Amino acid sequence: MKHAGESRRLFMTKNLILMLVILVVGVLAVWSWFTVHMDVTASGLSVQVRYPNEISLAPVVSYYNADGSFNHEGPGAFDGTLNFPINPEDKYIFTKDCTGDGETLIVPDFSVLKDKDKAVKEGRIVNVNGTWEEAMSNLDIKKIKENNPETELEARYMEFPFYLRSSTKSFSIASMCCVKSDTEKTSNGSLADAITDTSNAKKSSYGNFNSDALVGAIRVAFLTQAVTDVTQSFNNGAVTSSTATLQTSANSQPVGRELTMLWVPRPDIHLDISNTGRTDDWGISTGVLPTTVLPHEAENRCYTHDFYLPSSNSGVTQESYAAKGTVGNGPVVKNKGTGVALKGEDDLGSAFLVTDKDRVTTRNYPVLGKEFDVSSSLSYRDYVNAISLTRDSTIPESDTNKDNYYVYRITMRVWIEGTDSEARRAMDGGGFSIHMEIK
């Protein structure tokens, strides 16, 4: 038997220590935020209008040049309902999370905790002096994959653009808007029964609750921009051509897309982290109200929205990702920088919205419970002009089939907010759907 020399034994020992450190760091790095591959599914998203004669919706239709590059876009035929995905068999998969105010969504840097128990309870800690990068949407990834199918980049949030036309300048989301877990959609029992149902494959390995409680970490945002002109042509009710011009100035002031709503739809749910140090005896609080005293939490944060944004505009760089150009216009460009700051609802102004506390316990699932004007924060709304459009696409075009409408381009964003207690590995396998009504 040959004996390894002293230097070789030392080298092997160092390698084993290094491998052990890498293993420990790897384990600690995946305890909380959805920064590794998860399986959260948005099985359906519907947007409909309450009064179709006054408000209607249209999908975004894109037009391309002969070489496949993007040319322009416009609204399709206006109708009372839009469903995403268009194909019912498709689903939106969230594998990761992000943080932000809905207009700016980022992925911050994290500090690795060496204390396993602390990592389990508190999750990953944001390094406020670390780097950050702008999050990718599903549409960004689609563009990049058309140029590079093998890319390992993944979407951090989902984006759903559409056009809205209204007989008035104002429009609101209605009181019946809601975000429901998949379990609640199929359960005939109470909300608590649905979320805490552990009789199926959705039981979390972290405790006796259902992974669909992930809905507590869902966020929804509306970004709105006025349209100054629309031209459409029809053939047998189908749009053959369409062009939209977005408003970029008003009263000599530059304007564009504005955040008009950031919604916390499910403040009624809270993940209760056990103080035993174990990872299999956590619990879920349902029917949470702003006055509820929650386990191991100094105050109720369910009815607030904490998030991180870049702390400075200095030192920001851009990274360009090549795209084929068949979806959208040009490459995908994302910002990167150093330094983030923790923000709260006071930084959101009038755009911040939380589900009405009085409606949390009155239904099997909470609804918004109040109307919310999602055009009120548009600083240039007074300068939006009406556009003459065909009222009904199924009727031949004529002056009698036209009316004046105010048109907006809406971008709806949905993400898992990483700072929320429910954005944990304990929610792996969760599923939800979103129903929005506009009036």
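## Aromatic pairs

In this predicted model, F94 and F432 are both buried. Their ring centres lie 5.6 Å apart with the planes at 50°, so the pair is tilted. F94 belongs to strand β5 (residues 92-94) and F432 to strand β29 (residues 431-438), so the pair ties together parts that are 338 residues apart in sequence.

The whole structure contains 7 aromatic pairs. One of them joins Y64 and F70 in an edge-to-face arrangement, with 6.4 Å from centre to centre and 70° between the planes. The two partners fall into separate accessibility classes: Y64 has 40% relative accessibility and counts as partly exposed, whereas F70, with a relative accessible area of 16%, is buried. An aromatic cluster is formed by F84, Y92 and F160.

## Strand β11 and its partners

Strand β11 spans residues 157-166, and 10 of its 10 residues are buried, so the strand is largely enclosed by the rest of the structure. Y157, E159, P161, Y163 and R165 point one way from β11, while M158, F160, F162, L164 and S166 point the other way. Burial therefore applies to both sets, charged residues E159 and R165 included.

Two strands pair with β11 in the antiparallel sense. Strand β2 (residues 55-64) does so over 5 bridges, and I55 stands opposite S166 of β11. Strand β28 (residues 402-416) is joined to β11 by 10 bridges; here F160 stands opposite M412. F160 is also a member of the aromatic cluster with F84 and Y92.

R165, one of the buried residues of β11, lies over the face of Y405, at 4.1 Å from the ring centre.

## Cysteines

The count of disulfides in the model is 0. A disulfide is a covalent bond between the sulfur atoms of two cysteines. Among the cysteines, C98 is buried with a relative accessible area of 0%, and C302 also counts as buried, at 9% relative accessibility.

## Overall architecture

The secondary structure of the protein comprises 5 helices and 29 strands. Of its 439 residues, 49% count as buried. The exposed surface amounts to about 20600 Å², of which carbon and sulfur atoms supply 47%.

Contacts over long sequence separations are frequent by count: among contacts between residues at least 6 apart in sequence, 73% join residues at least 24 apart. The pair of F94 and F432, with its separation of 338 residues, is an example of parts distant in sequence being tied together.

Definitions and conventions:
Residues numbered from 1 in each chain as written. Predicted model: local features only at pLDDT ≥ 70, side-chain atom pairs only at ≥ 80, totals over all residues. Heavy atoms only, no water. Buried < 20%, exposed > 50% of the residue type's maximum accessible area, 1.4 Å probe, protein only. Helix = DSSP H or I, 4+ residues; strand = E, 2+ residues; numbered from the N terminus. Pairing = 2+ DSSP bridges. Disulfide = S-S within 2.5 Å. Contact = heavy atoms within 4.5 Å. Areas by Shrake-Rupley, 256 points an atom, 1.4 Å probe, with all protein chains shown as cover. Phe/Tyr/Trp six-rings, centres within 6.5 Å; stacked < 30°, edge-to-face > 60°. Lys NZ or Arg CZ within 6 Å of the ring centre and 35° of its normal.
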